[in-house]
Number of protein chains: 2
Amino acid sequence: MKGRLRNFKTFHGIGNLFLFATVAAVIAVFAWLPFACSAENDLLKQAAQVFGPPLPRVMSSEKNPVTPEKVRLGKMLYYETRVSVDGTVSCFRCHPFGLYAADGLKKSIGNNSKVNPRNAPTILNAAGQIAAHWIGNRKDVEDQATQALVGPPSFGMPSYQAAENALKAIKGYPPLFQKAFPGDSNPVTAENFGKAVGAFERTLVTPSPFDAFLQGNGKALTDNQAQGLKTFMDTGCTACHSGTWVGGLSYQKFGIVEPYWKYTKSEKIDNGRFEVTKKEADKYVFKVPVLRNVERTAPYFHDGSVGRLGDAVWIMGKIQLGKDLTNEQRQSIVAFLSSLTGKIREDDLTIPVLPPSE
Amino acid sequence: MKGRLRNFKTFHGIGNLFLFATVAAVIAVFAWLPFACSAENDLLKQAAQVFGPPLPRVMSSEKNPVTPEKVRLGKMLYYETRVSVDGTVSCFRCHPFGLYAADGLKKSIGNNSKVNPRNAPTILNAAGQIAAHWIGNRKDVEDQATQALVGPPSFGMPSYQAAENALKAIKGYPPLFQKAFPGDSNPVTAENFGKAVGAFERTLVTPSPFDAFLQGNGKALTDNQAQGLKTFMDTGCTACHSGTWVGGLSYQKFGIVEPYWKYTKSEKIDNGRFEVTKKEADKYVFKVPVLRNVERTAPYFHDGSVGRLGDAVWIMGKIQLGKDLTNEQRQSIVAFLSSLTGKIREDDLTIPVLPPSE
């Protein structure tokens, strides 16, 4: 009986301790909650400042207003191989939607298996950037699409005239160009090809969990992703990868702290934007890439020389920021980047039937 | 007044004549109607005999039963370029749905811009044929898809093992293969690649106005098309182009009356099925092509040497039947062939998002 009593007392003592601990924990949680909420709010507030304005439905253009007629025609032309010199190249070849509108190759392969000078970035969420191509040698998506027609490693047509003739030879196209460009007396032009394709590409936005978060849904990101967002901002990645597209709005030297080719598996040194401006200051300068859907668009960098996203993140820390990111930091940032993977609209995953050749 | 009366009498006489003529016409029409209906019925009856059985929803196979899991996987693999040696070739490359699943080229261009030996026929309504490829050197669509993986001018992978490794390296695929082939302990094989792609292709049927006609809707064909059907049968085209697929069920010498290269713009003489059997009787023998959607799949013949359908029709009359078809006959047959242009199902025009590389 004594023993039982002692046991009971002991139990009672443990019980008291447990009760005390529970009460303390509850008090602590309630005391901490406002701070927690405030921390979440702070993250959201900071992110909204860094990544605003919110994702638009269409990446509009004053020079090329997006109309349904242009988009309809542009979507067809996006799949059109008959306007390439060997009949195998279309926009879709290097930007297939099944692979998030990138091709998975280090460098794209165009007509007659010619290798393009750089990696093909995704065309999703691409039209809002300062310019097109890695070194900014295309003004916008319209200019890119037009010049692709005669680009030697791209569609490879011998002249714009030849491309226009190829389009005119397909009887179904002239009426569609007429509808898309009602003011033009001669609407089937390479420039209008670019405008129609560009109008279609301006509709290709992919809302992601990160957008839901920015719009105030604190639960849209997992804890890992939210922590990763903090790491991404704290580390300094947002110095360049900011704005609606998480990049795409500035040029930057690739390798500020150390030369990039020390860490990438680059086969040759690319002078970058120097090729456009011939200014020494533009050596190894590239457009900061858009990071939306980056998880789905390996391999990475202008030459596709790095295959894994975690490696690319570490290299960026090392040579842009002089930081040797820990495995934890790098995984954390990769987790955040996964929140940028968006949903491709069903309509953008449908193939238009093209007009017949005869 | 006299004049008026005469006029009235004259009018009255004309009126009588008109009345008589109308009554006669009505009688004639009613008397003729049973004959007209009977003519239409006869055409329908004859056509149903020649072109039966009706279009199935799926081109089934005992060896490869079509299941939703196989179709789902096969549709993804149809767009998969990462299983080709240069990362640019998928089934879709030579069989894009926007061009009715043919590529518009004389001969398809595969990995590293290698030219295939023959023209790529559409894969729509293709799985019901006696064999695959123009010379029947592939047993069926499954065999075609499997062998394409290592075909030197096709996907060009160095071995089946290499193709399987490429598929296994994409982490999303093994679980999908497991679901599609639940009995297999090692489901990611080149053979199962072929079976999955084949299962998808077995669903690609395109119902056309001609099918509606065969099912008893006499108004599904225009008068020109109905007349063309009659011409098509009367001329003797149905000796080979018969059955549900309007061809695809037999081999035939191309050039029975005269050598084909006398009329086509062939760059070289193709021995045809002789390459498979080495029998002299199989020289210049090819599989009779399916004519469904033929209007949309120029250029024509095994070497794509003829660009216009009307020319192809005339050549066939000349060298297969020894008939010099008039312009009217040839246009009539082309009109009938246009009734074989079917509707590609919306679901077959959607692109699946593929599993990521990493």
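Helices, taken as DSSP runs of H or I of at least four residues, are numbered here from the N terminus, and in this predicted model B:Thr341 falls in the segment after helix H12 (327-338) of chain B. With a relative accessible area of 15%, B:Thr341 is buried, since the class of buried residues is drawn at under 20%. The side chain of B:Thr341 engages the side chain of B:Glu295 in a polar contact of 2.4 Å. When neighbours within four places in sequence are set aside, the residues in contact with B:Thr341 are B:Tyr100, B:Ser208, B:Pro209, B:Asn293, B:Glu295 and B:Arg296, so that B:Glu295 appears both in this list and as the partner in the polar contact.

A second buried position in chain B is B:Gly310, which belongs to helix H11 (residues 309-321) and has a relative accessible area of 15%. B:Gly310 and B:Gln331 are separated by 21 residues in sequence, yet their C-alpha atoms lie 6.8 Å apart in space. Beyond the neighbours within four places in sequence, B:Gly310 is in contact with B:Arg330 and B:Val334.

As to the overall fold, chain A contains 12 helices and two strands, and these elements succeed one another along the sequence in the pattern α-α-α-α-α-α-α-α-α-β-α-β-α-α. Chain A has 358 residues, of which 52% count as buried. Of the contacts in chain A that join residues at least 6 apart in sequence, 70% are made between residues at least 24 apart.

Helix H2 (residues 68-78) of chain A is mostly covered, with eight of its 11 residues buried. The buried residues of H2(A) are A:Lys70, A:Val71, A:Leu73, A:Gly74, A:Lys75, A:Met76, A:Leu77 and A:Tyr78, and their packing partners in chain A are helix H3 (91-94), helix H5 (160-168), helix H6 (173-180) and helix H7 (190-201).

Over all chains, the structure holds 26 salt bridges. In one of them, the side chains of A:Arg330 and A:Asp311 meet at 2.7 Å, N to O. This pair links distant parts of the chain, given that A:Arg330 lies in helix H12 (residues 327-338) of chain A and A:Asp311 in helix H11 (residues 309-321) of chain A, 19 residues apart. A:Asp311 is partly exposed, its relative accessible area being 30%. Another salt bridge joins A:Glu280 to A:Lys283, with 3.5 Å between the closest N and O atoms; here A:Glu280 is exposed, at a relative accessible area of 57%, whereas A:Lys283 counts as partly exposed at 23%.

In chain B, a salt bridge is formed by B:Lys195 and B:Glu191, whose closest N and O atoms are 3.9 Å apart. B:Lys195 and B:Glu191 are four residues apart in helix H7 (residues 190-201) of chain B, and are therefore separated by about one helical turn. An α-helix has 3.6 residues a turn, so residues three or four places apart point the same way. The two partners fall into separate classes of accessibility, B:Lys195 being partly exposed at 23% and B:Glu191 exposed at 51%.

The arrangement of the two chains was examined next. Chain A can be laid on chain B with an RMSD of 0.0 Å by a turn of 180° and a shift of 0.0 Å along the axis, and the two copies are thus related as by a two-fold rotation axis. Within chain A, the C-alpha nearest this axis belongs to A:Thr350, at 2.1 Å from it. The same surface serves both copies, in that 100% of the contact residues of chain A recur in chain B.

The contact draws 30 residues from chain A and 30 residues from chain B. The size of an interface is often given as the accessible area lost when the parts come together. Between them, chain A and chain B bury about 2,600 Å², and 61% of this area is on carbon and sulfur atoms. On the side of chain A that touches chain B, the residues divide into 16 nonpolar, eight polar and six charged. Zero salt bridges are found across the interface of chain A and chain B, while seven residue pairs, both members at pLDDT 80 or more, are in polar contact between the two chains.

Technical notes
Residues numbered from 1 in each chain as written. Chains lettered and ligands numbered in written order. Heavy atoms only, no water. Least-squares fit on C-alpha atoms with pLDDT ≥ 70 in both. Contact = heavy atoms within 4.5 Å. Salt bridge = Lys/Arg side-chain N within 4 Å of Asp/Glu carboxyl O. Buried < 20%, exposed > 50% of the residue type's maximum accessible area, 1.4 Å probe, protein only. Buried area = accessible area lost by both parts, 1.4 Å probe. Polar contact = N/O pair within 3.5 Å; in protein donor to acceptor, adjacent residues only side chain to side chain. Nonpolar A, V, L, I, M, F, W, Y, C, P; charged D, E, K, R; others polar.
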